[in-house]
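The following exercises are to be worked through with the sequence and the coordinates at hand. Each task is followed by a solution that proceeds in steps.

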Amino acid sequence: MTWLAPLALLGVVALGVPILIHLFGRRVARRLKFPSLRLMGEAMPTPATRSVPSDLLLLVVRCAIVLAAVLALAQPLFPTVRRDREAQRPVRVILVDTSTSMRRATSDGSAMAAARTLGRALLDSSRNGMIVESDHPGASLAGAASWLESQAGRREVVVISDFQAGALHDGQVAAVPADIGVRLERLASADRMSAANEGMAAVDSMITDSSGTYAAWRVDRVDSLSVPAMLGSADELARVQADTTVLRALFRRELKRTDRIAVVFPGYPERSVLANESAVLDSQWQGNLLVALKGNRALAEIARATTAISGCVLPGTVVVTNRSGASIASMSRARAGMPHEVLVFTCAEAGSLGAIGLIASLAGSLDSVPPLTELEPLLLPDDLLQRWQRAPVSSSPRGPDETSPDGRWLWLAALVLLGVEEWLRRRTPHIAAKTEPEVARARVA
Amino acid sequence: MTPLLSAGVVSAIEDLELAARLVVEGLRAGPHRSPFHGYSSEFQQHRPYRVGDDLKYLDWKLLARTDRLYTRQFRETTSMSVMLVLDGSASMAFPEDGVSKWRYASVIAAALAHLVVGQGDAVGLLAMTGDRLTYLPAKGGRPHLRSLIATIDKLPPSGSWSPARGITRGAELLKRRGVVLVISDFQDSEDETHRELRRVAGHGHDVAMLQVVAPDESAFPYRGDVEFEDLETSERRLVDAGILAGPYRAAFQRFLARSRAAALRDHIDYGLMSTGDPPGEALRNFLMRRGGTPGQHHPTADRG
């Protein structure tokens, strides 16, 4: 057992007070003249001396009251199992990285959502703490450490990030006091993209800015042609097959299908669902593709002569229209989780010249635009993160002390004993010893 | 009917004679007959019972002993003598604030003296205050009454009560058989007191005991730690009054019951008077029990 205020134990000398009162205490009672004390003796024929056993019990209770108060002031700490278990749980400040790279969507949702989930889980397992969202978690380390210094017990700062180069550096980690733990949780922020085109050889140039690191890739031309996926009814797909034969003959290349782009024909059963769930284009390559299609004069001429199927609805951005102004094709972004990133809706009949032209234009555009979104960013290496991490250690806070729960029980015991003392005092039938006439006081229990 | 004055009011009247007169006037306003009527006679002899004799003069004890009927004959006297035996011990000074038993007893004694003299009889006084016995022989007349009342008024209660000295001496000082009225709280020497009363009654005197108590004596309204001091012995005792109250009250009631039972057993008139009650009321109750209706002889007046 330890004491938070051991000097208070010197108060045990106060135990002498009830003892002195017991030995020498005198009490002045109200004095009354009465006709005769004869009947009082008849009323209570017990020996006219004080009750020694009850006096001693009263003394013991009074000493116990003083002792309980002194011990409570000394604030004892009992090493209970519950206290140890509680002490194991650290106080945490959880820094969640909210930079751009963390906000980009992945096939599993955004990394920031995963970071928040992890942060909440860590907070639930902590004794106390908070979550701080910052797009510069390294700069927030100093503030987090400052707050943790005012807390008692084990303390830890947690950073949840993708830890791209520049997210954290030595100086920021060194600012955290040695008795505060550092924990770094890395999350993958974006899918690692590889060039859709085979034959990608080397990084042509690299750019690092506040939002991340970008690399430009040199793409070698390969002897194949990427054609989009086709979504349509069975009949439409059969007719499209014939179209691809035509394309093969036209381009004299092997056709390779890319699922990143899909053409949705009018007869596709899920067309309306895809249309409702599609979103606006949001990346550069999608924009480049759109520009390429819009600028394709051959496609525009073919589309002018194409008849749009009546009642056909085109979501997203219109690519081409016919002579009458009816939209023939549009582009939109597929919802997350689909195998396709871009959907090209068309109102041209499968197998028609307009459809063939659209497919050929897409293949040609894909050929010239690398379907890459983000290139692999540069990340802080794992061994560096490992070096920065350390476990929290237990220490006393520099802030105001908390009240020991064990001290409260002793105060409660003192209060209960006060009630017992009062009850004992009232219960004792006092008939004090006969006193000499000149003595005006009597010893009491 | 003139309302009876409270004990507080009567006691506040410093002139004891005036206070006594007020008490008596309150008594006379009601249906009251002299309680001492018919006692102003002295036994002379027995004669055989004749048909037509008043049965109240039949000697029942003689009948029980001899199985013969005899009537007692009395010699009429001109006046009756009443001796007031007054307890002036220190215990009668309780309570120190309010109406003390001594003041109350003084008013009762003065009123009784007033009544006796008013009906033409003689009244005397024997007061015990400490070691001092104050004696006035039984006489009639207003001057004697005033002197008696003034004497009572000057006496301070002190010392302790001695039944042998007070009761017996008082009876002895009566030149002939008369009435001995003992006014006291009877707190001390219970057995000796009753023995002396019995002895005096056995000598042919009409004995009555008027026991004066204070409300606080019977109610014991004290709480907490109290150091009581005996007014007569100066003995002190520290008690927890709250715990003592119940047993003390029971002991006090037993004490009163003993007093009453002893008086009844010895054919002595008994009257309990509380200083909280109007003295006129207390006196009336006592006198009515003694007097009864005309012709009825009080059983305790038996002259056997």
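**Exercise 1. Locate Ser134(A) and describe its surroundings.**

Solution. Ser134(A) belongs to strand β6 of chain A, which covers residues 128-134. The model examined here and in the exercises below is a predicted one. The next step is to classify the residue by its accessibility. Buried means a relative accessible area under 20%. Ser134(A) has a relative accessibility of 11%, and therefore counts as buried. The last step is to list its contacts. When residues up to four places away in sequence are left out, Ser134(A) touches Val96(A), Asp97(A), Thr98(A) and Ser140(A).

**Exercise 2. Characterise chain A as a whole: its secondary structure, its burial and its contacts.**

Solution. Begin with the secondary structure: chain A contains 15 helices and 17 strands. Turn next to burial: 40% of the 445 residues of chain A count as buried. The surface that chain A exposes amounts to about 23600 Å², of which carbon and sulfur atoms supply 57%. Finally, consider the contacts in chain A with a separation of 6 or more: 77% of them are accounted for by residues 24 or more positions apart.

**Exercise 3. Which residues form a nonpolar patch on the surface of chain A, and how does Leu23(A) fit into it?**

Solution. The patch is formed by Ile19(A), Leu20(A), Leu23(A) and Phe24(A), and together they have about 400 Å² of accessible area. Among them, Leu23(A) lies in helix α1 of chain A, residues 16-24. A patch residue must have over 30% relative accessible area. Leu23(A) has a relative accessible area of 42% and is partly exposed.

**Exercise 4. How many disulfides are there over all chains, and which parts of chain A are tied together?**

Solution. The criterion is a pair of cysteine sulfur atoms within 2.5 Å. Applied over all chains, this gives one disulfide. The disulfide joins Cys312(A) to Cys347(A), with an S to S distance of 2.0 Å. Cys312(A) is placed in the loop between α12 (297-304) and β13 (317-321) of chain A, and Cys347(A) in the loop between β15 (342-346) and α13 (353-368), so the pair ties together parts that are 35 residues apart in sequence. The handedness follows from the torsion about the S-S bond: for Cys312(A) and Cys347(A) this is about -85°, and the disulfide is therefore left-handed. As to burial, Cys347(A) has a relative accessible area of 1% and is buried. Cys63(A) is also a buried residue, with a relative accessible area of 16%.

**Exercise 5. Examine the backbone of chain B at Pro95(B), Phe220(B) and Ser234(B).**

Solution. Consider the peptide bond before the proline. Phe94(B) and Pro95(B) are joined by a cis peptide bond, with omega about -10°. Pro95(B) is situated in the loop between β3 (81-87) and α4 (101-118) of chain B.

Proceed to the phi angles. Phe220(B) is not a glycine, yet its phi is positive, about 50°. Phe220(B) occupies the loop between α8 (215-219) and β8 (225-230) of chain B. With a relative accessible area of 0%, Phe220(B) is buried.

Ser234(B), likewise not a glycine, has a positive phi of about 65°. The loop that holds Ser234(B) runs between β8 and β9 (236-240) of chain B. Is Ser234(B) buried or partly exposed? Its relative accessible area is 31%, so Ser234(B) is partly exposed.

Methods: Residues are numbered from 1 along each chain as its sequence is written. Chains are lettered from A and ligands numbered from 1 in the order in which they are written. This is a predicted model: local features need pLDDT of at least 70, side-chain atom pairs count only at pLDDT 80 or more; totals for chains, interfaces and linings use all residues. Side-chain values use heavy atoms; hydrogens and water are left out. Helices (H or I, at least four residues) and strands (E, at least two) are DSSP runs, numbered from the N terminus. Buried means under 20% relative accessible area, exposed over 50%, partly exposed in between (1.4 Å probe, protein chains only). Patches are made of residues with over 30% relative accessible area and no salt bridge: like charges are joined within 9 Å, nonpolar side chains (Val, Leu, Ile, Met, Phe, Trp, Tyr) within 5 Å. Accessible areas come from the Shrake-Rupley method with a 1.4 Å probe; for residues, only the protein chains shown count as cover. A salt bridge is a side-chain nitrogen of Lys or Arg within 4 Å of a carboxyl oxygen of Asp or Glu. Contact means heavy atoms within 4.5 Å.
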